[in-house]
Amino acid sequence: MKADVLLGLQWGDEGKGKIVDFLASEYDVVARFQGGPNAGHTIEFDGKKFVLHTIPSGIFFPKTMNIIGNGVIIDPFILRKEIQNLTNLAGIDVYAGLKISNKCHLILPSHRLLDAVQEQSKGISKIGSTLKGIGPAYTDKTARCGIRTGDLLLPGFEQKYASLKESHMRSIASYNLDLQSVLIDGHDFDSYEKQWFESLEILKKFEQVDAPYFINKALWDRKRVLAEGAQGTLLDVDFGSYPFVTSSNTVAAGVCIGLGLAPSSVGKVFGIVKAYSTRVGSGPFPTELNDEMGDALRKQGNEFGSTTGRPRRCGWIDLVALKYSVMINGVSHLFLTKADVLSSIDELKICTAYKVDGVSSQNIPYDLSQAEPVYESHPGWKADLTTITKAASLPVELKNYIKFIEDYLGVPVSIVSVGPDRTQTILRKQYK
Ligand code: GDP
Ligand code: IMO
Ligand code: MG
């Protein structure tokens, strides 16, 4: 057996959580392989809504085992809140349905503080980080001084913590910024740190696994494994619009590193694409609409960050960027989300090329901020899609819009999502 991968092809928030949840009952294992609580994956069913940050989106199916792989970084405080929410609102036994790699790096309270001061000091060139401590925690991982989940069970943890915190505090002091005003999720540092330590006790209750052995054994035992990406391809630290990116490899290759899988063990790659584009945080965004149309997309699509509540920047779909994402990830099937949001727009635009220095190109330039979008217009559709259940019943204009995307990208669109609920998901072409 091979592990299938599901990931975002844009700047995140494509609707990955919704689709993983939709697919989860077909899989024995769902595994997160990178990122941390900067992710916000929304799942809706039976009139309830959940936003997951660290826990994989297969958690609602008792027969599916969820794994947090070694490529993920964990903030115990945020994980505890997620667990409480799932227990209280859905009665989920998270301890039974989730195992955690022993090699996940921990996000310390001082990583959160560092993230805040580093962003503050950048002024107008700030990344627009989620302020979850992602950059500093991955920095310590590659600098070989991070603390891992496995360390929790060994003697000397408190000492390791104290020495890493001290080095962070020295660095923070050098910024000469007003620390009194910096709150972490509404708490001052001491109160946050206290709750962080309490949360470690919850983290310790989970079974720790060696992810490579666990995942490879599952495949040898003919179990079906789905790897769930966070963020999106254009936020990848190597392949995204650097430096306006996150700090992990969000692309399909990240699955091998984040779970301990050989490239030959990766099967299908499901690319999630929003029917338009959004981006939250700073950085170039060629098809961005800073006008009434952009506002309308934000309102209609409820485009406000699942993690931070920030308004998302909105724009037309960008096939140049998507073609690049399809190439890097080896996407085998596309799943198109939020098609319903485009209903009742008279004229839709699709970016099919960039102009860079006046020259037309279908490649991503080194500096994406230099790309001017070239559009083709498409007639919109007037139908309410949210109650449609069969692909054949989709309006002809949407069928043409999808066919255009498919032809340009050379990959089939297998699923069309027409609303946030689990049931608002239409099978168009087989993906199994
Ligand atoms: P993720 O990070 O990729 O999992 O996406 P988010 O959960 O951050 O953002 C996607 C948002 O769109 C969430 O509020 C979802 O509930 C919602 N959503 C997902 N699919 C659809 C869809 O097809 N139509 C509409 N209207 N909303 C959707
Ligand atoms: P999901 O998994 C959208 C963005 C931030 C910022 C940049 C760096 O829900 O799709 P970081 O906190 O990682 O240092 O922020 O990346 N970002 C996301 N944008 N969806 C996400 O995750 C994101 N995770 C990080 O807004 O621009
Ligand atoms: Mg999200």
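How far does a polar side-chain atom of aspartate 13 lie from an oxygen atom of ligand 1? In this predicted model, the separation between the two atoms is 2.9 Å. Two further polar contacts involve ligand 1: a nitrogen atom of the ligand is placed 2.7 Å from a polar side-chain atom of aspartate 340, while a polar backbone atom of glycine 419 stands 3.1 Å from one of the ligand's oxygen atoms. Of the 580 Å² that ligand 1 exposes when taken alone, 94% is buried by the protein. Two or more residues of the surrounding shell are contributed by each of the elements α1 and β3.

The shell around ligand 1 comprises 19 residues, of which Lys16, Thr42, Ser306, Asp340 and Ser417 approach nearest. By residue class, this shell consists of 8 charged, 8 polar and 3 nonpolar residues.

Aspartate 13 also takes part in metal binding, since the magnesium ion (ligand 3) is coordinated by Asp13 through OD and by Gly40 through its O atom, at 2.1 to 2.2 Å. Because aspartate 13 belongs to the loop between β1 (3-8) and α1 (16-23), whereas glycine 40 belongs to the loop between β2 (29-32) and β3 (41-45), the pair ties together parts that are 27 residues apart in sequence. The two coordinating residues can also be described by their accessibility: aspartate 13, with a relative accessibility of 22%, counts as partly exposed, and glycine 40, at 10%, counts as buried.

Technical notes: Residues numbered from 1 in each chain as written. Chains lettered and ligands numbered in written order. Predicted model: local features only at pLDDT ≥ 70, side-chain atom pairs only at ≥ 80, totals over all residues. Heavy atoms only, no water. Donors = N, O, S within 2.8 Å, 3.2 Å for Na, K, Ca; no water. Helix = DSSP H or I, 4+ residues; strand = E, 2+ residues; numbered from the N terminus. Buried < 20%, exposed > 50% of the residue type's maximum accessible area, 1.4 Å probe, protein only. Near = heavy atom within 4 Å. Polar contact = N/O pair within 3.5 Å; in protein donor to acceptor, adjacent residues only side chain to side chain. Areas by Shrake-Rupley, 256 points an atom, 1.4 Å probe, with all protein chains shown as cover. Nonpolar A, V, L, I, M, F, W, Y, C, P; charged D, E, K, R; others polar.
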